[in-house]
Amino acid sequence: MRTPLISPSRRVRPASIQTQPLQPGDNLRGAGLMTLSMMGFSCNDAVIKFVTQDMPLYQAITLRGLFVMAALVVLASRSGGLQWRIDRRARMPMILRLVGEVASTLLFLNALQRMAIGDLTAVMQSLPLVVMLGAALFFKESLGWRRLVAVGVGMAGVLIILRPGSGTFGIWSLVALAAMLMVALRDLATRQFGREVSSTTIAFYAAVLVTLTGFLLSLAQGWIMPDVQHVLLLILSGSFLTVGYISAVAAMRVGEISAVAPFRYTSLLAAILLGLVVFGDWPDLWTWVGSGLVIGAGIYTIWREAQLGRRH
(Lines give C-alpha, C1' and ligand atoms only; values in the text may rest on other atoms or scores of the structure.)
Protein backbone atom coordinates (compact mmCIF):
# COMPACT_ATOMS: atom_id res chain seq x y z
CA MET A 1 0.00 0.00 0.00
CA ARG A 2 1.39 3.41 -0.97
CA THR A 3 2.42 5.62 1.93
CA PRO A 4 0.50 8.92 1.80
CA LEU A 5 2.39 12.13 1.10
CA ILE A 6 0.98 13.72 4.23
CA SER A 7 1.16 11.52 7.28
CA PRO A 8 -1.90 11.64 9.57
CA SER A 9 0.07 10.65 12.65
CA ARG A 10 2.44 12.80 14.64
CA ARG A 11 4.25 9.76 15.91
CA VAL A 12 5.40 8.45 12.56
CA ARG A 13 9.01 9.29 11.91
CA PRO A 14 9.85 10.03 8.27
CA ALA A 15 11.46 6.99 6.73
CA SER A 16 15.05 7.21 5.61
CA ILE A 17 15.88 6.49 2.03
CA GLN A 18 18.70 4.20 3.00
CA THR A 19 19.85 1.22 1.00
CA GLN A 20 21.59 -0.04 4.17
CA PRO A 21 20.56 0.08 7.86
CA LEU A 22 21.46 3.36 9.56
CA GLN A 23 24.57 3.06 11.72
CA PRO A 24 25.49 5.19 14.78
CA GLY A 25 27.19 8.37 13.65
CA ASP A 26 25.98 8.14 10.04
CA ASN A 27 24.05 11.41 10.23
CA LEU A 28 27.06 13.24 11.67
CA ARG A 29 29.38 11.81 9.02
CA GLY A 30 26.90 12.69 6.30
CA ALA A 31 26.61 16.25 7.60
CA GLY A 32 30.38 16.65 7.64
CA LEU A 33 30.71 15.29 4.12
CA MET A 34 27.97 17.59 2.86
CA THR A 35 29.65 20.63 4.43
CA LEU A 36 33.00 19.68 2.87
CA SER A 37 31.27 19.17 -0.47
CA MET A 38 29.64 22.60 -0.35
CA MET A 39 32.95 24.30 0.46
CA GLY A 40 34.57 22.53 -2.48
CA PHE A 41 31.79 23.45 -4.90
CA SER A 42 31.66 27.08 -3.76
CA CYS A 43 35.39 27.56 -4.23
CA ASN A 44 35.19 25.86 -7.63
CA ASP A 45 32.35 28.16 -8.67
CA ALA A 46 34.34 31.26 -7.75
CA VAL A 47 37.40 30.09 -9.68
CA ILE A 48 35.37 29.16 -12.78
CA LYS A 49 33.48 32.46 -12.73
CA PHE A 50 36.83 34.27 -12.57
CA VAL A 51 38.46 32.20 -15.34
CA THR A 52 35.52 32.46 -17.74
CA GLN A 53 35.84 36.23 -17.77
CA ASP A 54 38.67 35.59 -20.24
CA MET A 55 38.17 31.99 -21.42
CA PRO A 56 35.17 30.48 -23.27
CA LEU A 57 32.97 28.57 -20.83
CA TYR A 58 32.97 25.20 -22.58
CA GLN A 59 36.73 25.25 -23.06
CA ALA A 60 37.06 25.84 -19.32
CA ILE A 61 34.65 22.95 -18.60
CA THR A 62 36.66 20.65 -20.87
CA LEU A 63 40.09 21.51 -19.45
CA ARG A 64 38.85 21.40 -15.87
CA GLY A 65 37.19 18.06 -16.56
CA LEU A 66 40.47 16.55 -17.75
CA PHE A 67 42.12 17.52 -14.47
CA VAL A 68 39.17 16.13 -12.48
CA MET A 69 39.25 12.82 -14.36
CA ALA A 70 42.99 12.46 -13.74
CA ALA A 71 42.51 13.17 -10.02
CA LEU A 72 39.69 10.63 -9.76
CA VAL A 73 41.77 7.95 -11.47
CA VAL A 74 44.56 8.53 -8.93
CA LEU A 75 42.10 8.39 -6.03
CA ALA A 76 40.47 5.25 -7.40
CA SER A 77 43.82 3.50 -7.77
CA ARG A 78 44.29 3.85 -4.02
CA SER A 79 40.91 2.32 -3.23
CA GLY A 80 40.67 -0.69 -5.52
CA GLY A 81 40.35 1.02 -8.89
CA LEU A 82 37.38 2.10 -10.97
CA GLN A 83 34.49 -0.23 -11.71
CA TRP A 84 34.15 -0.33 -15.48
CA ARG A 85 31.19 -2.71 -15.45
CA ILE A 86 28.09 -1.37 -13.71
CA ASP A 87 25.66 -3.85 -12.19
CA ARG A 88 22.34 -4.06 -14.02
CA ARG A 89 20.44 -2.77 -10.97
CA ALA A 90 22.63 0.33 -10.87
CA ARG A 91 22.35 1.22 -14.56
CA MET A 92 19.12 3.22 -14.43
CA PRO A 93 20.22 5.21 -11.35
CA MET A 94 23.50 5.88 -13.16
CA ILE A 95 21.70 7.12 -16.29
CA LEU A 96 19.41 9.39 -14.28
CA ARG A 97 22.32 10.70 -12.25
CA LEU A 98 24.37 11.45 -15.36
CA VAL A 99 21.46 13.32 -16.94
CA GLY A 100 21.10 15.39 -13.78
CA GLU A 101 24.86 15.97 -13.51
CA VAL A 102 25.41 17.14 -17.08
CA ALA A 103 22.26 19.27 -17.28
CA SER A 104 22.84 20.90 -13.89
CA THR A 105 26.49 21.66 -14.69
CA LEU A 106 25.71 23.35 -18.00
CA LEU A 107 22.72 25.26 -16.66
CA PHE A 108 24.45 26.34 -13.46
CA LEU A 109 27.69 27.52 -15.07
CA ASN A 110 25.84 29.49 -17.75
CA ALA A 111 23.80 31.20 -15.03
CA LEU A 112 26.95 31.74 -12.96
CA GLN A 113 28.53 33.77 -15.75
CA ARG A 114 25.61 36.20 -15.67
CA MET A 115 24.45 36.26 -12.03
CA ALA A 116 26.15 37.23 -8.79
CA ILE A 117 27.53 34.10 -7.15
CA GLY A 118 25.69 34.88 -3.90
CA ASP A 119 22.32 35.31 -5.65
CA LEU A 120 22.69 32.09 -7.62
CA THR A 121 23.77 30.16 -4.54
CA ALA A 122 20.81 31.58 -2.64
CA VAL A 123 18.45 30.06 -5.22
CA MET A 124 20.24 26.73 -4.87
CA GLN A 125 19.57 26.76 -1.13
CA SER A 126 16.03 25.52 -1.83
CA LEU A 127 17.51 22.26 -3.06
CA PRO A 128 17.26 20.35 0.27
CA LEU A 129 13.55 21.15 0.44
CA VAL A 130 13.02 20.02 -3.15
CA VAL A 131 15.00 16.84 -2.48
CA MET A 132 12.89 16.19 0.61
CA LEU A 133 9.70 16.66 -1.41
CA GLY A 134 11.05 14.43 -4.17
CA ALA A 135 11.89 11.76 -1.59
CA ALA A 136 8.25 11.75 -0.49
CA LEU A 137 6.87 11.68 -4.03
CA PHE A 138 9.17 9.07 -5.54
CA PHE A 139 10.46 6.99 -2.62
CA LYS A 140 7.34 6.98 -0.41
CA GLU A 141 9.02 8.75 2.51
CA SER A 142 6.37 10.07 4.89
CA LEU A 143 6.13 13.86 4.87
CA GLY A 144 3.96 15.54 7.52
CA TRP A 145 1.98 18.70 6.88
CA ARG A 146 4.39 20.85 8.89
CA ARG A 147 7.35 19.96 6.72
CA LEU A 148 5.16 20.34 3.65
CA VAL A 149 4.42 23.91 4.81
CA ALA A 150 8.16 24.41 5.28
CA VAL A 151 8.66 23.46 1.63
CA GLY A 152 6.09 26.08 0.65
CA VAL A 153 7.83 28.73 2.76
CA GLY A 154 11.14 27.83 1.17
CA MET A 155 9.69 28.17 -2.33
CA ALA A 156 8.26 31.57 -1.35
CA GLY A 157 11.79 32.54 -0.31
CA VAL A 158 13.08 31.58 -3.76
CA LEU A 159 10.42 33.77 -5.40
CA ILE A 160 11.49 36.70 -3.21
CA ILE A 161 15.11 36.18 -4.25
CA LEU A 162 14.22 36.05 -7.96
CA ARG A 163 11.32 38.55 -7.80
CA PRO A 164 9.32 37.59 -10.93
CA GLY A 165 7.98 40.67 -12.69
CA SER A 166 10.82 42.88 -11.49
CA GLY A 167 13.76 44.14 -13.48
CA THR A 168 16.06 41.62 -11.79
CA PHE A 169 14.08 38.63 -13.07
CA GLY A 170 15.09 37.25 -16.45
CA ILE A 171 15.92 34.16 -18.42
CA TRP A 172 18.92 33.42 -16.23
CA SER A 173 16.71 33.28 -13.17
CA LEU A 174 14.77 30.47 -14.86
CA VAL A 175 18.05 28.80 -15.83
CA ALA A 176 19.07 28.89 -12.15
CA LEU A 177 15.79 27.21 -11.15
CA ALA A 178 16.24 24.55 -13.82
CA ALA A 179 19.77 23.89 -12.57
CA MET A 180 18.44 23.40 -9.05
CA LEU A 181 15.86 20.87 -10.25
CA MET A 182 18.52 18.93 -12.16
CA VAL A 183 20.74 18.76 -9.06
CA ALA A 184 17.72 17.39 -7.17
CA LEU A 185 17.37 14.67 -9.83
CA ARG A 186 21.06 13.87 -9.48
CA ASP A 187 20.89 13.58 -5.69
CA LEU A 188 17.74 11.47 -5.65
CA ALA A 189 19.26 9.10 -8.21
CA THR A 190 22.42 8.83 -6.08
CA ARG A 191 20.37 7.41 -3.22
CA GLN A 192 19.48 4.40 -5.36
CA PHE A 193 23.02 3.06 -5.61
CA GLY A 194 24.03 0.17 -3.40
CA ARG A 195 27.33 0.25 -1.56
CA GLU A 196 28.86 -2.11 -4.12
CA VAL A 197 29.27 0.86 -6.52
CA SER A 198 32.05 3.10 -5.22
CA SER A 199 31.62 6.85 -4.85
CA THR A 200 34.75 7.39 -6.94
CA THR A 201 33.29 5.36 -9.81
CA ILE A 202 30.04 7.33 -9.75
CA ALA A 203 31.93 10.62 -9.71
CA PHE A 204 34.27 9.47 -12.51
CA TYR A 205 31.44 8.61 -14.87
CA ALA A 206 29.90 12.02 -14.19
CA ALA A 207 33.21 13.78 -14.85
CA VAL A 208 33.70 11.90 -18.14
CA LEU A 209 30.28 12.79 -19.50
CA VAL A 210 30.47 16.44 -18.37
CA THR A 211 33.92 16.78 -19.96
CA LEU A 212 32.83 15.15 -23.22
CA THR A 213 29.74 17.36 -23.40
CA GLY A 214 31.83 20.44 -22.71
CA PHE A 215 34.26 19.47 -25.49
CA LEU A 216 31.52 18.95 -28.06
CA LEU A 217 29.94 22.31 -27.22
CA SER A 218 33.35 24.01 -27.25
CA LEU A 219 33.79 23.10 -30.92
CA ALA A 220 31.06 25.59 -31.76
CA GLN A 221 32.07 28.19 -29.17
CA GLY A 222 35.78 28.22 -29.99
CA TRP A 223 39.01 28.01 -28.00
CA ILE A 224 41.74 30.43 -26.96
CA MET A 225 45.35 29.71 -26.04
CA PRO A 226 45.38 29.47 -22.22
CA ASP A 227 48.22 31.08 -20.32
CA VAL A 228 49.94 29.72 -17.22
CA GLN A 229 47.54 31.53 -14.88
CA HIS A 230 44.53 29.98 -16.62
CA VAL A 231 46.01 26.50 -16.37
CA LEU A 232 46.90 26.85 -12.69
CA LEU A 233 43.45 28.21 -11.86
CA LEU A 234 41.74 25.38 -13.72
CA ILE A 235 43.88 22.82 -11.87
CA LEU A 236 42.81 24.52 -8.62
CA SER A 237 39.19 24.47 -9.78
CA GLY A 238 39.49 20.79 -10.68
CA SER A 239 40.88 20.04 -7.23
CA PHE A 240 37.97 21.80 -5.53
CA LEU A 241 35.49 20.05 -7.81
CA THR A 242 37.02 16.65 -7.11
CA VAL A 243 36.56 17.20 -3.38
CA GLY A 244 33.01 18.33 -4.06
CA TYR A 245 32.21 15.35 -6.30
CA ILE A 246 33.47 12.69 -3.90
CA SER A 247 32.01 14.30 -0.80
CA ALA A 248 28.61 14.93 -2.43
CA VAL A 249 28.21 11.34 -3.59
CA ALA A 250 29.34 9.97 -0.25
CA ALA A 251 27.14 12.39 1.73
CA MET A 252 23.96 11.40 -0.09
CA ARG A 253 24.70 7.73 0.68
CA VAL A 254 25.33 8.19 4.41
CA GLY A 255 22.71 9.00 7.02
CA GLU A 256 19.12 10.12 6.58
CA ILE A 257 18.36 12.40 3.67
CA SER A 258 16.42 14.85 5.84
CA ALA A 259 19.38 15.12 8.24
CA VAL A 260 22.15 15.39 5.63
CA ALA A 261 20.65 17.49 2.83
CA PRO A 262 20.06 20.71 4.87
CA PHE A 263 23.81 21.11 5.40
CA ARG A 264 23.93 22.42 1.86
CA TYR A 265 23.12 25.76 3.45
CA THR A 266 26.75 26.15 4.45
CA SER A 267 27.51 26.98 0.81
CA LEU A 268 25.62 30.29 1.05
CA LEU A 269 28.04 31.78 3.57
CA ALA A 270 31.01 30.66 1.48
CA ALA A 271 29.47 32.02 -1.72
CA ILE A 272 28.66 35.42 -0.18
CA LEU A 273 32.18 35.80 1.21
CA LEU A 274 33.78 34.71 -2.07
CA GLY A 275 31.49 36.98 -4.07
CA LEU A 276 32.43 39.94 -1.89
CA VAL A 277 36.18 39.27 -1.81
CA VAL A 278 36.69 38.19 -5.43
CA PHE A 279 33.98 40.05 -7.36
CA GLY A 280 32.83 42.83 -5.04
CA ASP A 281 29.24 41.53 -5.05
CA TRP A 282 27.00 41.89 -2.00
CA PRO A 283 23.42 40.52 -1.90
CA ASP A 284 20.62 43.09 -1.72
CA LEU A 285 17.96 43.21 1.00
CA TRP A 286 15.46 41.02 -0.83
CA THR A 287 18.05 38.31 -1.39
CA TRP A 288 18.76 38.31 2.34
CA VAL A 289 15.05 38.12 3.15
CA GLY A 290 14.43 35.30 0.69
CA SER A 291 17.52 33.42 1.86
CA GLY A 292 16.34 33.77 5.44
CA LEU A 293 13.01 32.15 4.58
CA VAL A 294 14.66 29.31 2.68
CA ILE A 295 17.22 28.60 5.37
CA GLY A 296 14.66 29.01 8.15
CA ALA A 297 12.43 26.45 6.47
CA GLY A 298 15.37 24.06 6.19
CA ILE A 299 16.36 24.50 9.82
CA TYR A 300 12.77 23.80 10.83
CA THR A 301 12.82 20.50 8.94
CA ILE A 302 15.95 19.49 10.89
CA TRP A 303 14.27 20.36 14.19
CA ARG A 304 11.09 18.56 13.19
CA GLU A 305 13.03 15.44 12.23
CA ALA A 306 14.74 15.48 15.62
CA GLN A 307 11.40 15.83 17.42
CA LEU A 308 9.85 12.93 15.53
CA GLY A 309 12.98 10.85 16.13
CA ARG A 310 12.62 11.26 19.88
CA ARG A 311 8.97 10.21 19.73
CA HIS A 312 9.69 7.15 17.61
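**Exercise 1. The nonpolar patch**

Which element gives the most to the nonpolar patch?

Solution. The structure is a predicted model.
Step 1. List the members: W145, V149, V153, L285, W286, V289 and L293 make a nonpolar surface patch of about 660 Å².
Step 2. Find the elements behind them. Those that give two or more residues to the patch are α6 (145–162) and α12 (285–311).
Step 3. Pick the main contributor: α12 gives the most, with four residues.
Step 4. Look at one member. L293 has its place in helix α12. L293 counts as partly exposed because its relative accessibility is 31%, and partly exposed covers values between 20% and 50%.

**Exercise 2. The overall make-up**

State how many helices and strands the protein chain has, and describe its burial and its contacts.

Solution.
Step 1. Count the elements: the protein chain has 12 helices and zero strands. Read from the N terminus on, the order is α-α-α-α-α-α-α-α-α-α-α-α.
Step 2. Turn to burial. The protein chain has 312 residues, and 51% of them count as buried.
Step 3. Turn to the surface. About 14,200 Å² is exposed by the protein chain, and carbon and sulfur atoms supply 69% of that area.
Step 4. Turn to contacts. Take those between residues at least 6 apart in sequence: 90% of them join residues at least 24 apart.

**Exercise 3. Confidence in the model**

Find the mean pLDDT of the protein chain, and say where the pLDDT is below 50.

Solution.
Step 1. The mean pLDDT of the protein chain is 83, and 88% of its residues reach 70 or more.
Step 2. Over residues 1–19 the pLDDT is below 50. In the model, this stretch has 54 contacts beyond near neighbours in sequence.

**Exercise 4. The nonpolar core**

Name the residues that touch the most other members of the largest nonpolar core, and the helix that supplies its largest share.

Solution.
Step 1. The largest nonpolar core has 77 residues, and I61, F108, L109, L120, L234 and Y245 touch the most other members.
Step 2. Helix α3 (residues 88–114) supplies the largest share of this core, with nine residues.
Step 3. Take L234 as an example. Leaving aside neighbours within four places in sequence, L234 is in contact with I48, V51, M55, A60, L63, R64 and F67.

**Exercise 5. A salt-bridge network**

Trace the salt bridges that join R97, E101, R186 and D187.

Solution.
Step 1. Recall the principle: side chains of opposite charge can pair when their charged atoms come close. The structure holds five salt bridges.
Step 2. Start with R97. The side chain of R97 meets that of E101 in a salt bridge, at 3.0 Å from N to O. Both residues lie in helix α3, four residues apart, which is about one turn of the helix.
Step 3. Check burial, using the cut-off of under 20% relative accessible area. R97 counts as buried because its relative accessibility is 2%. E101 is buried too, with a relative accessible area of 3%.
Step 4. Move on from E101. A salt bridge links E101 to R186, with the closest N and O atoms 3.6 Å apart. E101 lies in helix α3 and R186 in helix α7 (residues 171–190), so the pair ties together parts that are 85 residues apart in sequence.
Step 5. Move on from R186. At 5% relative accessibility, R186 counts as buried. The side chains of R186 and D187 meet in a salt bridge of 3.1 Å, N to O, and both residues are buried.
Step 6. Join the pairs. Salt bridges that share partners bring R97, E101, R186 and D187 into one network.

**Exercise 6. Two residues in helices**

Are S37 and A250 buried or exposed, and which residues do they touch?

Solution.
Step 1. Locate S37: this residue lies in helix α1 (residues 26–51). S37 counts as buried because its relative accessibility is 0%.
Step 2. List its contacts. Apart from neighbours within four places in sequence, S37 is in contact with G244, S247 and A248.
Step 3. Locate A250: this residue is found in helix α9 (residues 228–251). A250 also counts as buried, at 15% relative accessibility.
Step 4. List its contacts. Not counting residues up to four places away in sequence, A250 touches L33 and S199.
Step 5. Compare sequence with space. A250 and R191 are 59 residues apart in sequence, and their C-alpha atoms are 9.8 Å apart.

Technical notes:
Residues are numbered from 1 along each chain as its sequence is written. This is a predicted model: local features need pLDDT of at least 70, side-chain atom pairs count only at pLDDT 80 or more; totals for chains, interfaces and linings use all residues. Side-chain values use heavy atoms; hydrogens and water are left out. A nonpolar core is a set of buried Ala, Val, Leu, Ile, Met, Phe, Trp, Tyr and Cys residues joined through side-chain atoms within 4.5 Å. Buried means under 20% relative accessible area, exposed over 50%, partly exposed in between (1.4 Å probe, protein chains only). Contact means heavy atoms within 4.5 Å. pLDDT is the predictor's confidence in each residue, from 0 to 100. Patches are made of residues with over 30% relative accessible area and no salt bridge: like charges are joined within 9 Å, nonpolar side chains (Val, Leu, Ile, Met, Phe, Trp, Tyr) within 5 Å. Accessible areas come from the Shrake-Rupley method with a 1.4 Å probe; for residues, only the protein chains shown count as cover. A salt bridge is a side-chain nitrogen of Lys or Arg within 4 Å of a carboxyl oxygen of Asp or Glu.
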